[in-house]
Amino acid sequence: MNAIMSRWLDDSRVMGIVFLAPATLYIVLLVGLPFITALLFSVSTATVGDASFNYVGLRNFAHVWQTPAFRDALVNTFAFTVVAQIITIVLANILAQLLTAPLPPRRSARIGMWIARMLLILPWATPLSLSVVGWLWMFDSKYSPIDYILREMALLGPDTVWGPANNLIWLGKPLLAKASIIFVHVWRMTPLATVILMAGLSSIPTDLLDQAEVDGSRFFRTLFQVKLPLVMPIMLISLLFGFIFTFGDLTVVYILTRGGPITHTLTLPMYSFLVGIDGGNLAQGAAVSLFIFPVLLLVAVVLLRTASRAEIR
Amino acid sequence: MATLTTTPNAVQGPRLLRVLRGTLYTTLVLFFCLVAASPFLVMGVVTFQTDQDLYKRGASPFDYEDMPTLEHLDNLFNDTRYLSFVRNSTLTGIAVVVVTLVLSLPAAWALARLTGRWGERAGILMFIVYLVPPTLLFIPLFRIIVQLGLRDSLLSLILVYPSISVPFSTWLLMGFFKSIPPELEEAALVDGFNRYEAFWRVVLPLARPGVISVVVFTFTLTLHEFIYSLVFISASEARTLSTGVPTELIRGDVFFWQPLLASALLVAIPVGLVYNLFLDRLVQGFTLGAVKG
């Protein structure tokens with residue numbers, strides 16, 4: 001009996017199931033189940049105090065949809081994500097070109113590059129909530145070091161372009177607050193996008209680049225006609241990560257503005273938190289966060305498809 | 001980085017042009033470095049400033065008129081819960097690393113070797129699960145955690161964090177396992193090991209670099225995570241670094257800026273160093289196979 005049992009266990013298909021079962025079970029319980037719970041909450045009246053299930057159909061979604069704050073959150077989430085991704089991918093391409101450029105064969109150049117890489121990776125390596133605290137100080141309404149530098153450059157203060165006030169009050173004005181949030185997202189995502197692009201650039205066969213050079217192709221022509229098309233699938237992967245991390249992010253807005261002034265920087269995750277956890281209305285909170293799902297699914301499918309098609313070609 | 005080749009291509013063209021190009025290159029790189037590091041540089045300056053130096057309107061925020069002081073670091077370590085945040089984060093991190101390895105090592109091996117064609121699809125599914133953001137699940141999970149009586153307990157985080165780290169780690173380890181030649185495992189089977197022994201004694205030791213990457217990735221992930229920690233834990237003694245620093249070191253409208261920024265810097269430096277060492281491997285996890293879908 002024991003021998004039969006161990007023979008049966010030793011089959012590769014059985015082993016596959018045995019090995020895959022714990023992780024699968026875990027993911028079903030901690031991703032699948034909560035997701036279904038979110039769906040159920042969104043069609044019920046669940047609150048923190050009361051988890052009894054009263055089916056109310058799509059009333060939560062309808063109610064949320066009519067709330068002006070929700071509309072602001074929806075528009076802002078899209079605007080922040082799209083604008084931040086466009087800027088990030090441009091900067092990351094420039095940075096990746098800089099960092100993969102041939103270095104002079106000196107030891108100081110290699111050490112310099114190591115330090116540069118360390119500094120450039122910091123925004124992505126540091127826990128976001130901690131580095132955003134740093135930005136909170138950078139954007140401080142009275143003591144902002146950015147304002148000081150602008151004053152020194154005679155751009156801010158009495159009789160200047162952005163004057164007459166001595167401070168810009170970054171997080172207190174709608175447009176500046178939005179710009180600050182986008183800036184922090186770009187600051188944080190550019191390192192990741194850059195290293196992903198660099199991995200893509202380094203996987204380009206060198207004989208292709210040599211061939212381009214032999215054919216008399218100059219820097220920009222090689223860049224746009226050889227390198228970028230070849231890096232495209234990996235660039236889409238980095239866009240995918242950037243889009244999803246920015247779209248679902250709560251940290252930046254939570255620490256910098258909490259959605260303010262009024263609702264000018266409110267995002268879906270922030271609104272979902274305010275309604276569901278702070279306000280205790282689990283049902284509507286879940287309804288708000290579910291708006292994130294179809295968008296992310298769509299982006300993931302489109303980008304992965306495009307990436308795999310580009311690979312085949 | 002492997003890509004930093006030192007071909008003599010850079011030294012071409014007339015000398016003036018070369019110098020100009022070199023200067024432009026250095027300026028651009030320096031500019032990017034400065035912007036990337038700016039909050040950390042400012043943190044470094046502020047940490048040692050006295051209150052008089054820090055809160056002087058209009059004056060340069062980078063100047064030291066008074067002697068630099070260690071008072072705020074002393075304050076951070078002795079009068080705040082900072083060390084307790086560090087301890088909570090470390091404990092959570094270690095526990096999550098263990099759970100993640102136990103779940104993802106066998107799963108990755110199964111997906112890489114044992115399950116054939118649908119294993120590949122399951123692998124892509126894993127990748128998609130990794131993309132599910134915590135913002136989508138925090139409300140139902142909050143309810144589940146309350147129901148389980150795990151609110152304000154680090155166990156809540158140890159239970160939930162692997163839902164982010166397991167998919168990514170499985171994905172990363174799959175790549176490592178696929179690169180191990182099947183002949184090695186077959187040789188072990190011929191030698192009389194069963195498949196489980198072969199996995200444990202032959203495959204795992206070879207996958208050590210992958211395991212190390214998973215440990216680094218998972219640990220830093222638990223340091224980074226914000227939403228679950230914010231929602232599940234509101235007792236200050238159970239807070240972790242990512243939520244403890246921005247919530248507990250700010251009292252109402254009063255910001256204790258020097259300890260606040262010092263605490264952020266003290267985490268940023270070691271994590272930055274470790275990331276720099278493991279960067280290439282982590283990037284592999286982000287790109288490997290993802291383009292071959």
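This is a dialogue about reading helix contacts, burial and the interface in a predicted model of two chains, A and B.

Biologist: What should I know before I start reading?

Modeller: The model is predicted, with local features needing pLDDT of at least 70 and side-chain atom pairs counting only at pLDDT 80 or more, while totals for chains, interfaces and linings use all residues. Residues are numbered from 1 along each chain as its sequence is written, and chains are lettered from A and ligands numbered from 1 in the order in which they are written.

Biologist: Let's begin with the interface; how many residues does each chain bring to the contact?

Modeller: Two residues are in contact if their C-beta atoms, placed from the backbone, lie within 7 Å. Here chain A contributes 85 residues and chain B 83. On the chain B side, helix H14 (residues 257-287) gives the most, with 14 residues. Helices here are DSSP runs of H or I with at least four residues, numbered from the N terminus.

Biologist: And which classes of residue make up that side of chain B?

Modeller: Ala, Val, Leu, Ile, Met, Phe, Trp, Tyr, Cys and Pro count as nonpolar, Asp, Glu, Lys and Arg as charged, and the others, Gly among them, as polar. The side of chain B that touches chain A has 59 nonpolar, 20 polar and four charged residues.

Biologist: How do I read a helix pair across that interface, say H5(A) and H1(B)?

Modeller: Fit axes to the C-alpha atoms over the stretch in contact, and take the angle, from 0 to 180 degrees, between N-to-C directions. Helix H5 (residues 107-125) of chain A and helix H1 (residues 15-47) of chain B have axes that come within 8 Å and cross at roughly 50°. The two are therefore oblique to each other; angles under 35 degrees count as roughly parallel, over 145 as roughly antiparallel, 65 to 115 as roughly perpendicular and the rest as oblique. Their crossing is left-handed, meaning that the near helix is turned anticlockwise from the far one by less than a right angle, whereas clockwise is right-handed. Among the residues making the contact are A:Leu119 and A:Pro123 of H5(A) and B:Phe32 and B:Phe40 of H1(B). By class, the contact has eleven nonpolar, no polar and no charged residues.

Biologist: What does the pair H4(A) and H10(A) look like?

Modeller: Helix H4 (residues 68-100) and helix H10 (residues 219-247), both of chain A, have axes that come within 9 Å and cross at roughly 145°. This crossing is right-handed. The contact residues include A:Phe80 and A:Gln85 of H4(A) and A:Gly242 and A:Phe243 of H10(A). They divide into seven nonpolar, six polar and no charged.

Biologist: Is H13(B) mostly buried or exposed?

Modeller: A residue is buried if 20 or more other C-beta atoms lie within 10 Å of its own, exposed if 12 or fewer, and partly exposed in between. Six of the eight residues of helix H13 (residues 241-248) of chain B are buried, so this helix is largely enclosed by the rest of the structure. B:Gly244 and B:Val245 are among the buried ones.

Biologist: Where does A:Ala300 sit, and what does it touch?

Modeller: A:Ala300 is in helix H14 (residues 292-312) of chain A. With 17 other C-beta atoms within 10 Å, A:Ala300 is partly exposed. Leaving aside neighbours within four places in sequence, A:Ala300 is in contact with A:Leu240, B:Ile128 and B:Leu131.
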